[in-house]
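Got the viewer open? Set it to cartoon, keep the selection box handy, and we'll go stop by stop.

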Amino acid sequence: MENSSLEFSSAYRRWLELCKDVAAVDINMGCPKSFSVSGGMGAALLTKPDLIHDILTTLRRNIDTPVTCKIRLLKSSQDTVELARRIEKTGVSALAVHGRQVADRPRDPAKWNEIADVVSALTIPVIANGDVFEYDDIQRIKVATGASSVMVARGALWNASIFSPNVKAHWEDVKKEYVRKSILWDNDVKSTKHTLKEMIMHYSCLEFPEGKAIIKSQNLVDLAKVYGDEEYYESVRANRIALDRHA
């Protein structure tokens, strides 16, 4: 028991240190993926309001960092509103609502009207999520729901220029710039590959040579070769080494 207590104490201290480096802690209770639900995480929590309450109140009691939460719609708008009200009472700073139920598929339209029901029932900020694919959709969902802000998922994965009020950039240009930014910031290669694959699957096909090359890539060097950016990669690498030597 003593060792367990020491391990918990050490983990808690690390957690408190981590909280100093983040703006907020978000608990995703909306992920419908099987790996998440089967492990009792994500959308599986939507059927356990008591556990939701315990998780959020425990976080609020033990950390000064703002806590937010994301949920999906329940079987009825009334059920969703009741859960949202219970979440609000835990003291979270904001609530994100994805306008689909767990069983809904991405092709099913998001129910913005049910997000609006949650907005009307709460006093904390509500973040609207679902079917935002163009810059104009951001304002449309805010007007339709009354939400304080908007969360963008697939729309941003497919083309990050969705956030620009100017003409949407071509996805090929966005893709190449994303690879360069990943090299510059030394982004995790798995994360970079995931986003590239999402873009290609939406606009093209992974079975083409480019897609196959991305799948085979093991690191950022491999991705740089796919897009002819070996020289850029080496330049960034050389600058990074020079900075490390002078640190």
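Which side chain does Glu134 meet in a salt bridge? Select Glu134 together with Lys168 and show sticks: those two side chains form the pair, at 3.3 Å from N to O. Bear in mind as you go that this is a predicted model. Glu134 sits in the loop between E4 and H6, while Lys168 sits in the loop between helix H7 (154-158) and helix H8 (171-184), so the contact ties together parts that are 34 residues apart in sequence. Turn on a surface and you'll find Glu134 partly exposed, with a relative accessible area of 39%. Lys168 is partly exposed as well, at 31%.

**Zoom out for a moment**

Show the whole chain as a cartoon. There are 12 helices and 5 strands to find. The C-alpha atoms fill a box of roughly 55 × 50 × 35 Å along the principal axes. Of the 247 residues, 38% count as buried.

Now colour residues 21-203. An unreviewed UniProt entry lists that span as "domain: DUS-like FMN-binding". The span is 48% helix and 12% strand, and its end C-alpha atoms lie 36 Å apart.

**Strands E2, E3 and E4**

Select 94-98, which is strand E3. How many of the residues of E3 are buried? The count is 5 of 5, so call this strand mostly covered. Look at which way the side chains go: Ala94, Ala96 and His98 point one way, Leu95 and Val97 the other.

Next, add strand E2, residues 67-72. E2 and E3 run parallel and are joined by 5 bridges. For a landmark, pick Cys69, which stands opposite Leu95 in E3.

Then bring in strand E4, residues 126-129. E4 runs parallel to E3, with 4 bridges joining the two. Leu95 is handy again here: its bridge partner in E4 is Val126. Both faces of E4 are covered, with Val126 and Ala128 buried on one side and Ile127 and Asn129 buried on the other.

**More salt bridges**

A search of the whole structure finds 12 salt bridges. Which residue does Arg100 meet in one of them? Select Arg100 and Asp131, whose side chains come together at 2.4 Å, N to O. This pair links distant parts of the chain: Arg100 is in the loop between E3 and helix H5 (112-121), and Asp131 is in the loop between strand E4 and helix H6 (135-145), 31 residues away. Are Arg100 and Asp131 buried or exposed? Both are buried.

Move on to helix H8 and select Glu172 and Lys175. They form a salt bridge, the closest N and O atoms being 2.7 Å apart. Both residues lie in H8, 3 residues apart, which is about one turn of the helix. Their surroundings are worth checking with the surface on: Lys175 counts as buried at 1% relative accessibility, while Glu172 counts as partly exposed at 26%.

Before you leave the charged pairs, add Arg154 to your Arg100 and Asp131 selection. Salt bridges that share partners join these three residues into one network.

**The cysteines**

Select the cysteine sulfurs. How many disulfides does a search of the whole structure find? The number is 0. Take Cys31: the nearest cysteine sulfur belongs to Cys69, 13 Å away, and Cys31 is in no disulfide. A disulfide would need the two sulfur atoms within 2.5 Å. Cys31 counts as buried, because its relative accessibility is 17% and the cut-off for buried is under 20%. Cys205 is partly exposed, with a relative accessible area of 30%.

**Last stop: a nonpolar patch**

Select Trp15, Leu16, Leu18 and Val22 and show their surface. Together they form a nonpolar patch with about 300 Å² of accessible area. Where does Val22 sit? Look in the loop between helix H1 (2-19) and strand E1 (25-28). Val22 is partly exposed, with a relative accessible area of 35%.

Note on methods:
Residues are numbered from 1 along each chain as its sequence is written. This is a predicted model: local features need pLDDT of at least 70, side-chain atom pairs count only at pLDDT 80 or more; totals for chains, interfaces and linings use all residues. Side-chain values use heavy atoms; hydrogens and water are left out. UniProt positions are given in the numbering used here, feature names are shortened, and annotations may be inferred rather than shown by experiment. Buried means under 20% relative accessible area, exposed over 50%, partly exposed in between (1.4 Å probe, protein chains only). Patches are made of residues with over 30% relative accessible area and no salt bridge: like charges are joined within 9 Å, nonpolar side chains (Val, Leu, Ile, Met, Phe, Trp, Tyr) within 5 Å. Accessible areas come from the Shrake-Rupley method with a 1.4 Å probe; for residues, only the protein chains shown count as cover. A salt bridge is a side-chain nitrogen of Lys or Arg within 4 Å of a carboxyl oxygen of Asp or Glu. Two strands pair if DSSP finds at least two bridges between them.
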